Structures are given as structure tokens and as C-alpha cells.
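User: I'm new to reading protein structures, and I keep wondering what makes people use words like "helix", "buried" or "edge". Could you take me through one?

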Amino acid sequence: MLHPLSICLPLILAVVLMVSGIAKLRHPDDLSGWEEMGVPRALRQGWLLTLHPWAEIALGLAVALLGRWPGLAAGVIATGLMGVYTVLVARAVRGPEDTSCACFGARKAVTRATVVRNVWLLALAILATFSTWWTPWIGGALSRAAMSGAWGWVLGLVAAAVTTWSVTRDGPTSEPDSGVKESESEELEDLDYVRTRTPAIPLTLADGQVRTLRELSFRTPVLILAVSDTCGACHEVLPRLPGYRELLPEVEIRLLLASSPDRTPLTEAAEPQSLHDPHGYVAETLDGMWGIPAAVLLGADGMLAGGPVVGPDEIDAFIRQMRAELDSARA
């Protein structure tokens with residue numbers, strides 16, 4: 001009879017890989033996120049970014065359904081992948097700047113807990129790889145899932161619990177708590193939000209002019225939407241842009257793009273012109289603007305007024321909260 005761990009470990013690894021792939025499909029990363037995590041430039045390709053979650057799902061299925069030599073090969077690939085992930089997060093933690101990753105879909109800060117999680121997943125992949133040798137060629141661990149003794153199942157469940165804990169116990173999300181604060185001259189009220197001065201970050205407008213964030217928000221509040229044409233989640237936000245501008249006529253909404261005006265189809269030449277930040281000054285200066293899509297509100301008094309928030313749903317709620325606050329002020 002096969003030892004239960006030879007069944008449990010490959011199945012746990014398979015679930016982790018498939019959950020990771022599905023999460024990435026639901027919350028796609030972008031090439032700027034890969035760059036932030038230190039992925040080598042040669043691998044930062046759009047087609048690899050698109051293929052990545054599907055490859056994780058396929059690899060998970062292979063680990064679960066193949067045994068002997070095919071299963072061993074799938075396990076070796078999974079072990080190599082976990083090893084690469086572990087090296088990337090360990091380097092990110094040792095780096096001088098805070099880093100976030102979309103390891104399991106939603107972008108979260110990389111911490112020592114992330115490294116511990118990945119070391120565990122690497123150990124799990126190594127053990128699962130050896131275990132697949134004792135499972136059938138076709139069907140793998142899944143076909144023998146019922147053939148195990150009681151103590152082995154207990155150990156397998158403990159391994160599953162540790163894996164679940166290590167995956168879910170991550171660092172704080174990279175989206176700080178949002179707040180909305182608008183200037184009195186624009187009928188905007190103070191909320192419980194710690195305000196700081198809008199940084200004088202130089203940005204290029206669509207027409208080539210260079211202006212700072214502080215200058216742009218001198219006369220009216222400005223909502224900055226950081227997006228990218230290679231970001232899957234951004235394609236949820238971009239179709240809503242006309243509606244957001246109609247909903248908030250008191251606020252100037254501008255796109256913030258990481259590419260030069262002539263290198264992205266999202267450039268907006270008409271007012272309010274898009275802002276272009278190819279050097280990443282905004283992400284380096286404003287805490288919480290690591291991921292995209294993201295939004296931050298600049299007050300007309302030269303102070304940050306709300307956000308940043310990250311994610312399509314968070315941005316939508318942020319904007320609708322602003323509308324509610326404006327309506328409350330008028331009432």
C-alpha cells in the first residue's frame with residue numbers, strides 16, 4: 001500500500017499551483033510589477049506574463065494526475081519555480097525599498113512572512129517531487145487518494161494546514177486605508193485622514209510640457225488614476241473613466257501612465273491631458289502607489305486629500321465615497 005504522504009503532498013502542491021494560477025487570472029499582474037519584484041529584463045515579456053497563470057494551472061494538474069517519470073518531471077519543474085519565487089521574495093525583503101507582489105493574485109507587501117511561506121512551499125515541492133515516483137503513471141496521486149492509513153492522513157492534513165496558513169498569512173496589502181479629504185473652496189469636507197503636502201514630482205503631459213503634481217492641483221482637486229495598457233485589471237477601470245468624470249465634475253481626473261506619450265495607446269491629448277512618468281517618480285514617492293490600477297486624490301490646497309487605493313473595486317468605492325461626501329457637503 002502506498003504511504004499516505006506520497007498522495008497528500010503532490011495533491012497539496014497541485015492545489016497551491018492551481019489556486020495561484022486562478023488568482024492571477026482574476027487579478028492580473030503587469031510588467032511593472034515583475035520589474036518591481038526583480039524579474040530579469042529578458043523574462044519581462046508580455047506573452048510570458050499572459051502565459052504565466054495558465055502554466056501554473058497546467059503544472060498543478062500535471063503534479064496531481066501524473067506519476068513515475070512524468071510526475072517526477074512535473075515535480076522538478078514545480079520545485080524550480082518555487083525556488084525562483086523564493087529567491088525573488090528574499091531579495092525583495094533585503095532590498096532598500098518596500099516591495100509588493102501579486103504572488104496569489106491581489107498585490108500584497110513582501111515581508112519576512114512571505115519568505116517563510118515560500119521556503120515552506122519550496123520544501124513541499126521537493127517532498128512532493130520524490131513522492132510522485134510511487135504513484136501511477138496515469139492518474140498520479142489523485143488516482144490513489146483513497147489508499148492511505150490513518151496516521152498518514154493525519155500528517156497529510158497537518159501539511160495542508162501549514163500550507164494554507166503560510167499562504168494566507170501574508171504581509172499587509174499594498175493598498176493603504178483610503179480617506180477622502182477635499183478643500184473647502186470645492187465644497188469638500190475634512191475626514192479622518194492624515195494629510196501631507198502634495199510632492200512636486202515632475203511629470204510630462206501628453207503635449208510634452210513638464211508640470212509638477214503640485215502645480216496641476218493648484219486650482220482644482222485632481223484625481224490621479226495610475227493605469228497601464230498591459231495591465232489586465234486596468235481594463236476594468238478604463239471603461240469606467242467617462243462615467244467617473246461625469247460623476248465628479250468638480251474633480252479633474254487624469255490618467256497616470258508609466259510610458260512616454262508616444263509609447264502608449266492610452267495617451268489623452270485633450271484636457272485633462274494624461275500624465276506620463278516613465279521614470280517611476282510617483283511610485284517611488286507616494287506610499288501605496290506600488291500596484292496598478294491605483295488612485296490618489298490631490299487637494300486644491302496643495303495637500304494630499306485621499307488615497308492611494310489600489311484595485312478596480314477599491315477605486316470604484318473611493319470615487320463613489322467622494323461623490324457622497326460632496327453631496328453631503330452641499331446638503
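Analyst: Sure! Let's begin with helix H12 (residues 312-330), which has 19 residues and reaches 28 Å from its first C-alpha to its last. Keep in mind that this is a predicted model.

User: How do you know that the 28 Å span of H12 is close to what is expected?

Analyst: The expected span is 1.5 Å times one less than the number of residues. For H12 that gives 27 Å, and the model's 28 Å is close to that.

User: Which residues of H12 are buried, and what makes a residue "buried"?

Analyst: The cut-off is under 20% relative accessible area. In H12, Pro312, Ile315, Asp316, Phe318, Ile319, Met322, Arg323, Glu325 and Leu326 are buried. An α-helix has 3.6 residues a turn, so residues three or four places apart point the same way.

User: What do the buried residues of H12 pack against?

Analyst: They pack against strands S5 (222-226), S8 (294-298) and S9 (304-310), plus helices H9 (234-237) and H10 (241-247).

User: Why is glycine 291 called buried?

Analyst: Its relative accessible area is 2%, and the cut-off is under 20%, so glycine 291 counts as buried. You'll find glycine 291 in the loop between helix H11 (281-285) and S8. Glycine 291 and aspartate 30 are 261 residues apart in sequence, yet 8.8 Å apart in space, C-alpha to C-alpha.

User: How much of the chain counts as buried?

Analyst: 51% of its 331 residues. The chain has 12 helices and 9 strands. Among contacts between residues at least 6 apart in sequence, 71% join residues at least 24 apart.

User: In what order do the strands of the open sheet come?

Analyst: The 7 strands go S4-S3-S7-S6-S5-S8-S9, with mixed pairing.

User: What makes S4 and S9 edge strands?

Analyst: Each of them pairs on one side only.

User: How do you know that S3 pairs with S4 and with S7?

Analyst: Pairing takes at least two bridges. S3 has 3 bridges to strand S4 (residues 210-212) and 2 to strand S7 (residues 275-276), so both cases satisfy the rule. S3 runs antiparallel to S4 and also antiparallel to S7. Look at threonine 204: its bridge partner in S4 is valine 210, and in S7 it stands opposite histidine 276.

User: And what makes the pairing "mixed"?

Analyst: Compare the directions: S3 and S4 run antiparallel, while strand S6 (residues 252-257) and S7 run parallel, joined by 2 bridges. In that parallel pair, leucine 256 stands opposite leucine 275.

User: Which side chains of S3 point to the buried face?

Analyst: Leu203 and Leu205 do, whereas Pro202 and Thr204 point to the other face and are not buried. In a regular strand the side chains alternate between the two faces of the sheet.

User: Which glycine in the hairpin of S3 and S4 takes a positive phi?

Analyst: Glycine 208, with a phi near 100°; the hairpin has 4 residues between its strands.

User: What lines the second largest pocket?

Analyst: Its lining has 41 residues, and Lys24, Trp34, Leu48, His52 and Tyr85 lie nearest the centre. Helices H1 (5-26), H2 (31-36), H3 (46-65), H4 (68-94) and H5 (112-131) each give two or more residues to that lining. H3 gives the most, with 10. By class there are 28 nonpolar, 8 polar and 5 charged residues, and the pocket's volume is about 850 Å³.

Conventions: Residues are numbered from 1 along each chain as its sequence is written. This is a predicted model: local features need pLDDT of at least 70, side-chain atom pairs count only at pLDDT 80 or more; totals for chains, interfaces and linings use all residues. Side-chain values use heavy atoms; hydrogens and water are left out. Buried means under 20% relative accessible area, exposed over 50%, partly exposed in between (1.4 Å probe, protein chains only). Contact means heavy atoms within 4.5 Å. On a 1 Å grid over the protein atoms alone, a cavity is a set of points where a 1.4 Å probe fits but cannot get out, and a pocket is an open set with protein on both sides within 12 Å along at least five of seven lines; lining residues have an atom within 4 Å of a point. Grid points are joined across faces, edges and corners, and a volume is the space filled by probe spheres set on the points. Ala, Val, Leu, Ile, Met, Phe, Trp, Tyr, Cys and Pro count as nonpolar, Asp, Glu, Lys and Arg as charged, and the others, Gly among them, as polar.
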